[in-house]
Protein chains: 2
Amino acid sequence: MVEQAETLRRAPLSRDRILRAAVALADGTGIESLSMRNLAQDLGVVPMALYKHVANKDELLDGMIDVIVGQIDPPERDTTWKDAIRRRILSARAVLRRHPWAPLAIESRTMATPAVLAYLDSVVGTLRAGGFSANLAHHVMHTMGSRVLGFSQELFDDSRRAGRSGAASPGPAAAMPPEFAAQFPHLAEIATVASHDDESVVGQGCDDQFEFEFALDLLLDGIERLHEQGWAAPRRPR
Amino acid sequence: MVEQAETLRRAPLSRDRILRAAVALADGTGIESLSMRNLAQDLGVVPMALYKHVANKDELLDGMIDVIVGQIDPPERDTTWKDAIRRRILSARAVLRRHPWAPLAIESRTMATPAVLAYLDSVVGTLRAGGFSANLAHHVMHTMGSRVLGFSQELFDDSRRAGRSGAASPGPAAAMPPEFAAQFPHLAEIATVASHDDESVVGQGCDDQFEFEFALDLLLDGIERLHEQGWAAPRRPR
DNA sequence: ACGGTAGGTGTACGCCGTACACCTGTCAAT
DNA sequence: ATTGACAGGTGTACGGCGTACACCTACCGT
């Protein structure tokens, strides 16, 4: 009876259900507290049950990344390469912002996952269709770096902390301690610059949409310039 | 007797000696096998002995990062902002290349360490001395992202694997499997482009010096253009 | 009716970080 | 010379981790 009830109560396990639960758990309590044991408990199952569906924890993480990357919008067809890529990257960013643990997880994988490769391949395809040489497209991909996936290095802000220990903090930003300003005057200066129309910026995180688009457009403009000039690889010095 | 000999044989522990041993261990066998136990063994000491000198493993990692970042050259005085920053970043890159585990370690820390902050502050100082507004300097720092520390996102190459599981692999690159080319044709194309004068690129890693400087100069040129045009923050739309 | 198999269970192992009590050698103050 | 504080290395132990392996069980095609 009880056993039957329990069996009926919970949906059968599946790789997909596991991955979705893992993403939810990482979103909720941070990637650091995502353990096979915690995940199994969330699913009402014993830890080893997971291993019938994923080979190990690394593969679980790969699967989680694929779930996320798969949510990025497909490329827009009827527009310029520049606009298509810009939109795509901003879509990637929107997706990744919902999963603050994802950037670090993506970076820490040894090999890119199939979904990531498919995404990158598609971006290169957009460049090629826009008339880029394979060579220039290659350099462009390197130039974009992680930005092509919608995130950039954020040394100051707390989205990284959010990714590690739970959801984004709701409280107001911590004030900048005075000895910080004394020790790092230039950082203090740019941190309090009135670019963001709020009073204290450090701790609140400055990699907001504006910063991201600023860098993205600077890169896209530079790339466009190279492309229009018919850039070709310089003669190798060696 | 024996005890005296042992005591004499090994230098006394110190925070500095621990940090240097930890860096050496991570360099040699990868960050993943850097455990308090392994490190203690390398130092000929019991694991808990380390805790008299570092608070915990996180602080150990912070200390290791500071050791590395402290090796970046100081800024050159008698030159333009652009040249000074370019040299500085390439110096940072040269340092980080010797420690493949460092990028991921730096990125995974919750807060920037004092040495990292000091470095960033100094870079901002160079910009300000070059006539940049605090506002533009702020955006420039965001634009640079992790490149200011000498590394960029490397989704393909194996330096990441090197950082995780030991020193850089000496063997030749693995050939690209044919089904890869079928599934990701654009990636296959740009991967085999003759920009690098060797036959197979995937697996050998393409974030070499050329790629890094390509992106760096693209950014610096774009920044210079903004600076010369007297860029100012646009009116905030809201 | 029955054997195979897919999938959930239970136990156990070795690794990790580190809390806590303990020991020991050194050195300043008596 | 004695003592006692203290810095620093030791030993033990705990809880958590990933996961190997043997098991059990419910279902399915024959």
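## A covered helix, a buried loop residue and a DNA strand

Let's start with helix H8 of chain A, residues 134-144: this helix is mostly covered, with 9 of its 11 residues buried. Keep in mind as you look around that this is a predicted model.

Which residues of H8(A) are buried? They are A:Leu136, A:Ala137, A:His138, A:His139, A:Val140, A:Met141, A:His142, A:Thr143 and A:Met144. The cover over these buried residues comes from both chains: it includes H7 and helix H12 (209-228) of chain A, along with helix H11 (185-192) and helix H12 (209-228) of chain B. Just after H8(A) comes A:Gly145, which has a positive phi, near 60°.

Now for a loop. A:Ala112 sits between helix H6 (102-108) and helix H7 (114-129) of chain A. Is A:Ala112 buried or exposed? A:Ala112 counts as buried because it has 20 C-beta neighbours inside 10 Å, and 20 is the number at which a residue is called buried. You can also find A:Val69, 43 residues away from A:Ala112 along the chain; the C-alpha atoms of the two are 11 Å apart.

Finally, turn to DNA strand D. It is surrounded by 15 residues, and the closest are A:Ser35, A:Met36, A:Asn56, B:Leu13 and B:Met48. Helix H3 (residues 36-42) of chain A gives the most to this surface, with 3 residues. Here is how the surface near DNA strand D divides by class:

| Class near DNA strand D | Number |
|---|---|
| Nonpolar | 9 residues |
| Polar | 3 residues |
| Charged | 3 residues |

Definitions and conventions
Residues are numbered from 1 along each chain as its sequence is written. Chains are lettered from A and ligands numbered from 1 in the order in which they are written. This is a predicted model: local features need pLDDT of at least 70, side-chain atom pairs count only at pLDDT 80 or more; totals for chains, interfaces and linings use all residues. A residue is near a molecule or strand if its C-beta atom, placed from the backbone, lies within 6 Å of it. Helices (H or I, at least four residues) and strands (E, at least two) are DSSP runs, numbered from the N terminus. Ala, Val, Leu, Ile, Met, Phe, Trp, Tyr, Cys and Pro count as nonpolar, Asp, Glu, Lys and Arg as charged, and the others, Gly among them, as polar. A residue is buried if 20 or more other C-beta atoms lie within 10 Å of its own, exposed if 12 or fewer, and partly exposed in between; C-beta atoms are placed from the backbone. Two residues are in contact if their C-beta atoms, placed from the backbone, lie within 7 Å.
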